Amino acid sequence: MKRDRGFLSEKSSNMGSAEDLEYLQTLIQYQNGFLISKVMFAACELGVFDLLSKSEKTLSTKAIAEQLGTSLQGMERLLDACVGLKLLTIEVKNGEVFYGNTEISHLCLTKSSPKSQYYNLMYYSKTIYPCWHYLTDAVREGKNQSERAFGVSSNDIFEALYRSEEEMIKFMSGLNAIWSICGKDVIAAFDLAPFTMIYDLGGGAGALAQECVSLYPNCTVTIFDLPKVVQTAKKHFVSSEESRINFHEGDFFKDSIPEADLYILARILHDWTDEKCVQLLAKVQKACKMGGGVLLVETLLNEDKSGPLESQLYSLNMLVQTEGKERTSTEYSTLLAAAGFKEIEIKKTGKLYDAILGRK
């Protein structure tokens with residue numbers, strides 16, 4: 001996925017009043033993909049793409065509606081919208097319309113695909129979107145909206161994500177879906193071969209650890225995460241036959257961090273305030289072997305905060321869900337330096353997530 005750098009400012013910089021109004025109307029109508037997202041959420045949740053994948057042939061609106069237990073007219077409109085989004089194909093046989101999956105929906109929207117984004121979409125639908133409903137309140141108050149969205153305390157930012165085993169699996173599956181697309185790029189951004197003992201802090205379901213041991217066969221990776229996350233990862237995600245991936249139960253803010261050559265913090269620091277980031281990084285720096293380091297994986301804002309748009313929106317998402325924010329390369333470098341790391345390098349991947357390596 002190529003980054004959209006400064007789309008809004010580029011689009012609106014040289015437009016006359018008529019074009020301005022038309023552009024504004026487009027933004028209002030589509031809410032930066034809100035309607036499109038809801039179409040995808042509904043089609044995934046109802047099982048449209050899975051049904052068509054299992055059928056191995058195109059199906060009529062009536063057949064799809066009957067098998068999925070929906071209204072005929074509602075399903076027809078949903079299917080047509082998916083055709084417009086190029087997520088379904090359409091053909092007419094003897095005056096009747098039939099639908100099938102496109103290559104992208106088969107690859108990314110069916111549960112069985114190794115590149116499936118199904119669970120990531122369900123996480124957005126059931127967890128992120130309810131929080132965004134209270135974006136105005138988040139901006140007014142400057143804090144996350146877990147209490148309004150889910151009735152859980154806003155003081156523990158993961159209580160909402162882990163409010164049930166089902167929600168935990170959904171969240172962990174969503175992260176795995178992201179790393180199935182972006183994981184190799186960030187792990188390969190630097191040569192990590194010299195680091196043989198690696199700790200993945202907050203490594204969750206282990207997809208990034210899998211990428212790491214696949215790319216660097218001489219390394220071992222220990223996933224350090226909360227006890228209930230570790231137990232879920234062992235039960236549902238990481239095979240016991242994978243001997244190079246180990247687990248360590250604990251809270252890395254409260255518990256000691258074992259010695260290692262390299263620590264991976266992927267999408268961790270953006271959850272927290274600057275003060276907590278330095279606190280965690282200082283613990284990591286103290287535990288790190290001499291010559292070792294820490295690898296940060298985050299989406300980076302431009303230095304002037306003008307983009308990319310995805311990073312700006314993710315920073316708002318951190319507002320409604322966490323106590324953190326997205327940052328610039330300089331801001332992350334400052335945090336690393338404050339914790340005692342040297343020789344800080346930044347690698348842009350051209351994808352959604354970039355890599356920052358700090359050495360002890």
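This briefing walks through the cores, a helix pair, some strand pairings and a few unusual backbone spots. Please keep in mind that the model is a predicted one. A good place to start is strand β7 (260–266), which gives two or more residues to the largest nonpolar core and has seven of its seven residues buried.

**Nonpolar cores**

- The largest nonpolar core holds 31 residues, and the members that touch the most others are W179, I187, I264, L295 and Y353.
- Two or more residues of this core come from each of the helices α11 (165–187) and α12 (207–215) and the strands β5 (220–225), β7 (260–266), β8 (288–298) and β12 (354–359).
- Another core of 28 residues lies apart from the largest one, and I268, L281, A287 and Y332 are among its members.

**Strand β7 and its partners**

- β7 is mostly covered, as seven of its seven residues are buried.
- Strand β4 (residues 197–201) runs parallel to β7, and three bridges join the two.
- Within that pairing, D200 has I264 of β7 as its bridge partner; I264 also appears among the residues with the most contacts to other members of the largest core.
- β7 also pairs with β8 in the parallel sense, this time over six bridges.
- In the pairing with β8, L265 sits opposite L296.

**Helices α11 and α13**

- Helix α11 packs against helix α13 (residues 227–236) at an angle of about 70 degrees, and their axes are 11 Å apart.
- Angles of 65 to 115 degrees count as roughly perpendicular, so α11 and α13 are roughly perpendicular to each other.
- On the α11 side, the contact is made by E165, M168, I169 and M172.
- On the α13 side, K228, V229, T232, A233, K235 and H236 take part.
- By character, the residues of this contact divide into five nonpolar, two polar and three charged.

**Backbone spots worth a look**

- G307 and P308 are joined by a cis peptide bond, with omega at about -10 degrees.
- P308 is found in the loop between β9 (300–301) and α15 (309–321).
- N94 is not a glycine, yet it has a positive phi of about 50 degrees.
- The loop between β2 (88–93) and β3 (96–101) is where N94 lies, and N94 is exposed, with a relative accessible area of 86%.
- E343 is a residue other than glycine with a positive phi, near 45 degrees.
- E343 lies in strand β11 (residues 342–347), and it counts as exposed at 59% relative accessibility.

Terms used
Residues numbered from 1 in each chain as written. Predicted model: local features only at pLDDT ≥ 70, side-chain atom pairs only at ≥ 80, totals over all residues. Heavy atoms only, no water. Core = buried A, V, L, I, M, F, W, Y, C linked by side-chain atoms within 4.5 Å. Buried < 20%, exposed > 50% of the residue type's maximum accessible area, 1.4 Å probe, protein only. Helix = DSSP H or I, 4+ residues; strand = E, 2+ residues; numbered from the N terminus. Axes fitted to C-alpha atoms, helices over the stretch in contact; angles between N-to-C directions. Parallel < 35°, antiparallel > 145°, perpendicular 65-115°, else oblique. Contact = heavy atoms within 4.5 Å. Nonpolar A, V, L, I, M, F, W, Y, C, P; charged D, E, K, R; others polar. Pairing = 2+ DSSP bridges.
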